[in-house]
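Let's take a walk through this model together, starting with a pair of charged side chains and working towards the core.

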Amino acid sequence: MNRLALLTSCLAAIGGSATLTMADDLQFETSVRPILKARCFLCHGEEDKPKGGLDARLVRLIAKGGESGSALTPGKSAASLLWQRIESGEMPPSGKPLTAKEKATIKDWIDQGAK
């Protein structure tokens, strides 16, 4: 049982209600990859030579990183270059910026261990 389900069960057992909205168990393929594909792959995956040397199509490639080193520190969004560049507004540099929900999904995924 995941943490959110366990907490919900505990609250129900003591007569409370659970209105938690924290995303739980985010997975790269279903939650994060679609965002990166729509917003990042043009520069970081679809080119023969990805910008900055970073290919964002797979978790292992994000972890490997590019010219600036690893872009991912699982469990620590603040230490992850991927999140730092997104949070600062530096990425994506052009086109439609990521929504608050997309940013939260990426941050939560990293904080949950980047599965």
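R33 and E29 form a salt bridge, with their closest N and O atoms 3.9 Å apart; the term covers a side-chain nitrogen of Lys or Arg within 4 Å of a carboxyl oxygen of Asp or Glu. The two residues lie four places apart in helix α2, so about one helical turn separates them. R33 counts as partly exposed, at 23% relative accessibility. Here buried means under 20% relative accessible area, exposed over 50% and partly exposed in between, using a 1.4 Å probe and protein chains only.

A word on the source: this is a predicted model, where local features need pLDDT of at least 70 and side-chain atom pairs count only at pLDDT 80 or more, while totals for chains, interfaces and linings use all residues. Residues are numbered from 1 along each chain as its sequence is written, and side-chain values use heavy atoms, leaving out hydrogens and water.

The structure holds six salt bridges, including these three:

| Salt bridge | Closest N to O distance |
|---|---|
| R33 and E29 | 3.9 Å |
| D55 and R57 | 2.6 Å |
| K115 and D25 | 3.7 Å |

The bridge between K115 and D25 links distant parts of the chain: K115 sits in the segment after α5 and D25 in the loop between α1 (3-13) and α2, 90 residues apart. In the bridge between D55 and R57, D55 is buried at 11% relative accessibility, whereas R57 is partly exposed at 34%.

Now for the overall fold. The protein has five helices and zero strands; these are DSSP runs numbered from the N terminus, with helices being H or I of at least four residues and strands E of at least two. Of its 115 residues, 30% count as buried.

Which residues of α5 are buried? They are E102, T105, I106, W109 and I110. Seen down the axis of α5, they fall within an arc of 130 degrees (taken from the directions from the helix axis to the C-beta atoms), so they line one face of the helix. They pack against α2, α3 (59-64) and α4, while A100 and K101 are exposed on the other side of α5.

The largest nonpolar core (buried Ala, Val, Leu, Ile, Met, Phe, Trp, Tyr and Cys residues joined through side-chain atoms within 4.5 Å) has 21 residues, of which L36, I62, L82, I106, W109 and I110 touch the most other members. Two or more residues each come from α2 (28-39), α4 (81-87) and α5 (100-111). Beyond its neighbours within four places in sequence, I106 is in contact (heavy atoms within 4.5 Å) with V32, I35, L36, L82, W83, I86 and L98.
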